[in-house]
Amino acid sequence: IFVEGVQKPVFKNRTPGVVIEDAKAPSQGHLARTLNPTEMLVQWQSAQIDDNQEVQWSLSPDMTNISSANATSTTFGAHDLCGGPANKQGFIDPGYFNSAVITGLVPGVTIAFYRFGSATNGYSPVYRFRAAFPADPDTKTHVVLTADLGVTMPDGTKYHWEEPDAFKTVQHLLHRVETTDAHLALHVGDIAYSTGYLGKWDSFM
């Protein structure tokens, strides 16, 4: 723990070692529309790669009558990045990025329950979404929109490029989604301001 800011930090204390019990568990799940309103793209991160990464979905919250789709996986290394600090002190192992598509949805109607991961390294909790509405010039679409978000550490940790209102903005967005039945959330750019430090993406995601 350091105090007095990032320019002249003063060491105060050190915690015991931290053990992450679920380090292999899938994380950072996200949904994205495809060009087909009967589909939904699911993306997530895993610490390890295996041949069993998949998304499972059902029309029932207890996940009976499951359908599934195998995921494709990719990653990158420090050698793929163009310079420091991203490929030097700012680099950490990103794990693997997995993508799978849920199909057979009824646009604007189906409420799907889903989870992602693998039998080898475990699955995520069960989440849900409503299928995307089809394009229709006469149908209203409720959109939650933000940009230039950045990252705020919820515990007040200081770092080299601070966006102090980012966490409050996310809380406000979640409130709007929950109270307005939003159909779509968009972040239109200048995302995490990671400036070469890959760990800030984990905080952002």
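Let's start at Gln28, which you'll find in strand 3. Before I go on, please keep in mind that this is a predicted model. What is the sign of phi at Gln28? Phi there is positive, about 55°, although Gln28 is not a glycine. As for its surroundings, Gln28 is partly exposed, with a relative accessible area of 23%.

There is another residue to look at alongside that one, and that is Met63. Met63 is not a glycine either, and its phi is near 55°, again a positive value. You'll see Met63 in the loop between strand 5, residues 54-58, and strand 6, residues 67-70. Is Met63 buried or exposed? Met63 counts as buried, because its relative accessibility is 11% and the cut-off for buried is under 20%.

Now move over to Ser58, a residue that touches Met63. Ser58 lies in strand 5, and with 2% relative accessibility it counts as buried. What does the side chain of Ser58 reach? One partner is the backbone nitrogen of Ser60, at 3.0 Å. Another is the backbone oxygen of Thr64, at 2.5 Å. If we set aside the neighbours within four places in sequence, Ser58 is in contact with Met63, Thr64, Asn65, Ile111, Ala112 and Phe113.

On to the core. In general, nonpolar side chains in soluble globular proteins tend to be buried together. Here, the largest nonpolar core has 14 residues. Which of them touch the most other members? Those are Val42, Val55, Ile102, Leu105, Tyr114 and Phe129. Two or more residues of this core come from each of strand 4, strand 5, strand 8 and strand 9, the last of these being residues 111-118.

Let's zoom in on one of those core residues, Leu105. Not counting neighbours within four places in sequence, Leu105 is in contact with Thr38, Glu39, Met40, Thr110, Ala112, Phe129 and Ala131. You may remember Ala112, as it was also in contact with Ser58.

Next, a pocket. The second largest pocket holds about 300 Å³ of space. It is lined by 15 residues, and the closest to its centre are Ala23, Ala25, Ser27, Gln45 and Ala47. Which strands each supply at least two residues of this lining? They are strand 3, residues 27-32, and strand 4, residues 40-46. So what kinds of residue make up the lining, by the usual classes? There are seven nonpolar, five polar and three charged residues.

Let me turn to Gln48, in the loop between strand 4 and strand 5. Gln48 counts as partly exposed, at 36% relative accessibility. Leaving out residues up to four places away in sequence, Gln48 touches Lys24, Gln53, Tyr96 and Asn121. How far is Gln48 from Asn87? Along the sequence they are 39 residues apart, and from C-alpha to C-alpha they are 21 Å apart in space.

One last stop, and it is a peptide bond. Gly84 and Pro85 are joined by a cis peptide bond, with omega about 0°. Where does Pro85 sit? Pro85 is in the loop between strand 7, residues 72-74, and strand 8, residues 96-102.

If you'd like to explore the model yourselves, you could go back to the start and look at Gln28 in strand 3, then follow on to Met63 in its loop between strand 5 and strand 6. Thanks for listening!

Technical notes:
Residues are numbered from 1 along each chain as its sequence is written. This is a predicted model: local features need pLDDT of at least 70, side-chain atom pairs count only at pLDDT 80 or more; totals for chains, interfaces and linings use all residues. Side-chain values use heavy atoms; hydrogens and water are left out. On a 1 Å grid over the protein atoms alone, a cavity is a set of points where a 1.4 Å probe fits but cannot get out, and a pocket is an open set with protein on both sides within 12 Å along at least five of seven lines; lining residues have an atom within 4 Å of a point. Grid points are joined across faces, edges and corners, and a volume is the space filled by probe spheres set on the points. Helices (H or I, at least four residues) and strands (E, at least two) are DSSP runs, numbered from the N terminus. Ala, Val, Leu, Ile, Met, Phe, Trp, Tyr, Cys and Pro count as nonpolar, Asp, Glu, Lys and Arg as charged, and the others, Gly among them, as polar. Buried means under 20% relative accessible area, exposed over 50%, partly exposed in between (1.4 Å probe, protein chains only). A polar contact is a pair of N or O atoms within 3.5 Å; within protein, one must be able to donate a hydrogen and the other to accept it, and residues adjacent in sequence count only if both atoms are side-chain atoms. Contact means heavy atoms within 4.5 Å. A nonpolar core is a set of buried Ala, Val, Leu, Ile, Met, Phe, Trp, Tyr and Cys residues joined through side-chain atoms within 4.5 Å.
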